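Good morning, colleagues. I would like to take you through one structure today, and I ask you to keep the display in view as I speak.

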Amino acid sequence: MNKIYVTRPLLPNFEAYISEINDIFVSQWLTNMGLKHNELEEKLKNELKAKNCSLFNNGTIALLTALKALDLPFGSEVITTPFTFAATPHCIVWNNCKPVFCDIEPDTMTIDVKKIEQLITPKTSAILGVHVYGFPCDVENIDKIAKKYKLKVIYDAAHAFSTEINGRGIGTFGDITMFSFHATKLFNTIEGGCLTYNDESLKRKIYNLRNFGIQSEEVVEDVGINGKMNEFQAAMGLENLKIYKEEQQKRAKVKAFYDENLSKIKGIKIPQMPKGVTNSYQYYPIIIEDDYPISRDELYVRFKKQNILTRKYFYPACHDYDCYKNDLAVKLADLSIVNDLKHKVLCLPYYGNLEDKTIDFICNFITKGGKNY
Ligand SMILES: Cc1ncc(COP(=O)(O)O)c(C=O)c1O
């Protein structure tokens with residue numbers, strides 16, 4: 001079998017993209033908040049049902065800027081999940097704050113709100129939740145805790161493009177939400193990302209921070225960074241915005257096929273979206289329980305031998321990284337659920353053009369306990 005990747009990037013029609021970038025060659029405006037950039041920013045604001053939207057050159061710089069814009073005190077603690085990509089806790093540290101890892105909830109694999117309060121100290125300044133695989137955090141209860149202790153709330157929605165909770169855009173919860181438009185994400189601008197937020201007064205601050213802190217020709221107001229999305233990225237976004245829903249529909253069919261075949265297998269659990277939540281169709285994670293004939297790691301290896309590249313996403317968890325594991329608080333933390341699930345989750349190949357025969361093969365392979373006969 002030819003190599004089957006866990007995902008394939010969403011690509012617009014080649015001619016459509018060429019026509020889009022033709023404008024850039026005519027205007028000779030390549031970056032710095034050009035026409036494509038501004039058009040995409042406006043369109044995404046509407047698409048995500050957000051009050052404000054600021055584009056970035058990638059999701060990590062966007063998240064870094066979100067934390068900076070909220071002025072978290074030097075050395076303060078940010079409660080977050082270790083079941084995420086490296087960028088989430090790294091952005092906390094780059095802001096001179098300390099990540100405090102909280103355990104996750106077993107069904108949605110997002111930060112466990114029941115365990116947040118016990119981690120709050122006088123030094124806590126914020127909660128950074130991750131809508132992992134597009135499963136939303138318990139936004140309502142996080143909001144209650146944040147109000148009670150006067151904490152900022154930031155969400156990493158890298159996996160949750162277009163997700164809505166009862167018709168409300170996921171990017172409207174908390175103080176600021178980050179979306180990633182990396183090539184592997186459902187909606188991509190090659191590299192890219194954005195911040196959405198309700199507070200209008202953050203707009204100028206974020207605008208400046210994204211552009212070195214430059215306020216005007218002779219005034220540099222903040223210690224900013226270069227977070228600008230260029231015109232070629234924005235052009236990709238404008239085209240992909242037209243086709244991502246079609247990709248979601250195709251992925252919905254792949255999901256239905258997987259669900260139907262895998263849900264019957266003893267030892268395989270398929271996490272499902274809570275009621276009222278729309279699926280972003282970013283990942284297809286399954287949980288390999290203890291009563292499945294082989295371990296997740298063994299299944300991963302057997303798939304690899306068949307040229308099928310699944311992902312042990314997220315193993316290792318962030319608290320296992322060399323840069324975090326020696327911290328005393330990490331050593332003492334109760335992370336029992338994440339320490340269990342990090343050995344059990346496997347993300348299967350998932351993209352619209354995944355062929356029926358490949359899905360069939362994958363389902364049969366799992367049904368037979370990782371055997372190809
Ligand atoms: C959960 C999560 N947060 C942050 C990021 C970083 O986004 P980017 O790659 O756009 O910098 C990613 C993935 O790339 C991610 O999966």
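I shall speak about the ligand and its surroundings, then a surface patch and a threonine, and finally the salt bridges.

Please bear in mind throughout that this is a predicted model.

Let me begin with the ligand. Which residues come nearest to the ligand? The shell holds 16 residues, and Gly59, Thr60, Asp156, His159 and Ser180 are the ones that come nearest. By character, the shell divides into five nonpolar, nine polar and two charged residues. Three elements, namely α3 (59-69), α4 (87-94) and β8 (176-180), each supply at least two residues of this shell.

Several polar atoms of the protein approach oxygen atoms of the ligand. At Thr60, a polar side-chain atom lies 2.5 Å from a ligand oxygen. At Gly59, the approach is made by a polar backbone atom, 2.8 Å from an oxygen atom of the ligand. Lys185 also takes part, with a polar side-chain atom 3.1 Å from a ligand oxygen. How much of the ligand's accessible area does the protein cover? On its own the ligand has 380 Å² of accessible area, and the protein covers 94% of that.

I turn now to the surface. Phe212, Ile214 and Val220 form a nonpolar patch there, and together they have about 260 Å² of accessible area. One of these residues, Ile214, belongs to strand β10, which spans residues 214-216. Its relative accessible area is 33%, so Ile214 counts as partly exposed.

Thr124 offers another setting. This residue is found in strand β4, residues 124-130. Is Thr124 buried or exposed? With a relative accessible area of 10%, Thr124 is buried. Its side chain reaches the backbone nitrogen of Thr121 at a distance of 2.8 Å.

The last topic is the salt bridges. The structure holds 28 of them, and I shall present three.

In the pair Lys36 and Asp23, the closest N and O atoms are 2.6 Å apart. Because Lys36 lies in helix α2 (residues 35-47) and Asp23 in helix α1 (residues 14-27), this pair ties together parts that are 13 residues apart in sequence. The partners may also be described by their accessibility. Lys36 is buried, at a relative accessible area of 6%, whereas Asp23 is partly exposed, at 40%.

A second salt bridge joins the side chains of Asp259 and Lys255, at 2.9 Å from N to O. Both residues sit in helix α7 (residues 231-262), and because they are four residues apart, about one helical turn separates them. Asp259 and Lys255 are both buried.

The third salt bridge is formed by the side chains of Lys312 and Asp297, with an N to O distance of 3.9 Å. Where do these two residues lie? Lys312 is in the loop between α8 (296-305) and α9 (328-332), while Asp297 is in helix α8, so the pair ties together parts that are 15 residues apart in sequence. Lys312 is partly exposed, with a relative accessible area of 23%. Asp297 likewise counts as partly exposed, at 30% relative accessibility.

Finally, salt bridges can share partners: Glu20, Asp23 and Lys36 are joined in this way into one network.

That concludes my presentation, and I thank you for your attention.

Terms used
Residues are numbered from 1 along each chain as its sequence is written. This is a predicted model: local features need pLDDT of at least 70, side-chain atom pairs count only at pLDDT 80 or more; totals for chains, interfaces and linings use all residues. Side-chain values use heavy atoms; hydrogens and water are left out. A residue is near a molecule or strand if one of its heavy atoms lies within 4 Å of it. A polar contact is a pair of N or O atoms within 3.5 Å; within protein, one must be able to donate a hydrogen and the other to accept it, and residues adjacent in sequence count only if both atoms are side-chain atoms. Accessible areas come from the Shrake-Rupley method with a 1.4 Å probe; for residues, only the protein chains shown count as cover. Ala, Val, Leu, Ile, Met, Phe, Trp, Tyr, Cys and Pro count as nonpolar, Asp, Glu, Lys and Arg as charged, and the others, Gly among them, as polar. Patches are made of residues with over 30% relative accessible area and no salt bridge: like charges are joined within 9 Å, nonpolar side chains (Val, Leu, Ile, Met, Phe, Trp, Tyr) within 5 Å. A salt bridge is a side-chain nitrogen of Lys or Arg within 4 Å of a carboxyl oxygen of Asp or Glu. Buried means under 20% relative accessible area, exposed over 50%, partly exposed in between (1.4 Å probe, protein chains only).
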